[in-house]
Amino acid sequence: MTYSLELKDLRKSFGKTEIIRGANLQVAAGERVAIIGPNGAGKSTLFNLISGRFEPTSGDVLLNGQRINGKKPFEINRLGLSRSFQITNIFPKLSVFENLRCGVLWSLGYKYTFLKFLADLDDANERAEELMGMIKLDKKRDVLAANLTYAEQRALEIGITIAGGASVILLDEPTAGMSRSETSRFIGLIKEVTVGKTLLTVEHDMGVVFGLADKIAVVVYGEVIAFDKPEAVRADQRVQEAYLGSPVADQQAGGH
Ligand SMILES: Nc1ncnc2c1ncn2[C@@H]1O[C@H](COP(=O)(O)OP(=O)(O)OP(=O)(O)O)[C@@H](O)[C@H]1O
């Protein structure tokens, strides 16, 4: 079976310190996966290895069966993996529509001659309109991104992240900083716009994890110690010991 994303005995050291210590993960197409784990476990480092910001010390990252370690982030992006950052990558002085159109054009840009660019501008406009509807910002079409609410800016960011049609989407704490009601609405939106796509999130909020994920990958000390459906992960003794057993985590999970 070809996985959408696969990590094979992935390792990463910084100097003499090994941070990722043989991580393995097999994510099937269309799965929504939340990566959880204690602070400093290596979740962000894993994201950086997958998206090409860091190169692994050893082991492999496969995207749709193709080895991508050593490739540049933009090359990986063009192979179908798109990542959004906690720090937004929107242009504050452009409108919602212009931001989305930039996202679409950027994702197409590399194969374009100027004439082809002009011919396809209509397509880009159409796609930007479509994305605007998906992220429910059509009524804010001409509002500058800087003037959107925080939650709207995060929605715009998701729109830009999916603009290029990538099949694998990485979201870093997508609801961080949102209120409870914004968060639950946003989980719904993320689910809608990623239908049919493979989704990976790094997430601390257990409410978001259990609301969004088909499967949870638990990273402890640079290894994936469990990868399963939420109920199974919750019942896993090792996970409870390492992570979920703490009263704080139980409280965050809403005592399910
Ligand atoms: N570029 C780097 N150079 C040296 N050490 C690093 C680098 N990046 C991360 N580390 C170290 O790797 C370890 C794992 O960090 P990472 O940010 O991946 O953990 P995390 O699970 O995302 O943590 P958190 O939940 O707190 O965000 C930490 O000890 C961190 O100091």
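**Exercise 1. Why is strand β3 (residues 32-36) largely enclosed by the rest of the structure?**

Before you start: this is a predicted model, where local features need pLDDT of at least 70, side-chain atom pairs count only at pLDDT 80 or more, and totals for chains, interfaces and linings use all residues. Residues are numbered from 1 along each chain as its sequence is written.

Solution.
- Step 1. Fix the terms. Strands (E, at least two residues) and helices (H or I, at least four) are DSSP runs, numbered from the N terminus. A residue is buried if 20 or more other C-beta atoms lie within 10 Å of its own, exposed if 12 or fewer, and partly exposed in between, with C-beta atoms placed from the backbone.
- Step 2. Count. Five of the five residues of β3 are buried, so the strand is largely enclosed.
- Step 3. Check both faces. R32, A34 and I36 are buried on one side. V33 and I35 are buried on the other.
- Step 4. Set this against the chain. Buried residues make up 39% of its 256 residues.

**Exercise 2. Find the partners of β3, then place β3 in its sheet.**

Solution.
- Step 1. Recall the rule. Strands of a sheet pair through backbone hydrogen bonds, either parallel or antiparallel. Here, two strands pair if DSSP finds at least two bridges between them.
- Step 2. Take strand β8 (residues 198-202). It pairs with β3 in the parallel sense over four bridges. A34 has T201 of β8 as its bridge partner.
- Step 3. Take strand β9 (residues 215-220). It also joins β3 in the parallel sense, over four bridges. There, I35 stands opposite A217.
- Step 4. Write the order. Six strands form an open sheet, β6-β7-β8-β3-β9-β10, with mixed pairing.
- Step 5. Look at the edges. β6 (81-84) and β10 (223-228) each have a single partner strand, so one side of each is left without a neighbour in the sheet.
- Step 6. Follow one edge inward. β6 runs parallel to strand β7 (residues 168-172), joined by four bridges. L81 stands opposite V168 in β7.
- Step 7. Add a helix. α1 packs on this sheet, touching β3, β6, β7, β8 and β9. Contact means C-beta atoms, placed from the backbone, within 7 Å.

**Exercise 3. Describe the sheet that holds β1 and β2.**

Solution.
- Step 1. Write the order. Four strands form an open sheet, β2-β1-β4-β5, with antiparallel pairing.
- Step 2. Name the edges. β2 and β5 (66-67) each pair on one side only.
- Step 3. Examine β1 (residues 5-14) and β2 (residues 17-27). They pair over eight bridges in the antiparallel sense. R21 in β2 is the bridge partner of R11.
- Step 4. Find the turn. β1 and β2 form a hairpin with two residues between them. G15 in the turn has a positive phi of about 60°.
- Step 5. Cross to strand β4 (residues 58-63). It pairs with β1 over five antiparallel bridges. L7 stands opposite V61 in β4.

**Exercise 4. Which residues are around the ligand?**

Solution.
- Step 1. Set the cut-off. A residue is near the ligand if its C-beta atom, placed from the backbone, lies within 6 Å of it.
- Step 2. List them. They are F14, I19, G37, N39, G40, A41, G42, K43, S44 and T45.
- Step 3. Sort them. Three are nonpolar, six polar and one charged. Ala, Val, Leu, Ile, Met, Phe, Trp, Tyr, Cys and Pro count as nonpolar, Asp, Glu, Lys and Arg as charged, and the others, Gly among them, as polar.
- Step 4. Find the main contributor. Helix α1 (residues 43-51) gives the most to this shell, with three residues.

Key: Two residues are in contact if their C-beta atoms, placed from the backbone, lie within 7 Å. Axes are lines fitted to C-alpha atoms, for helices over the stretch in contact, and angles run from 0 to 180 degrees between N-to-C directions.
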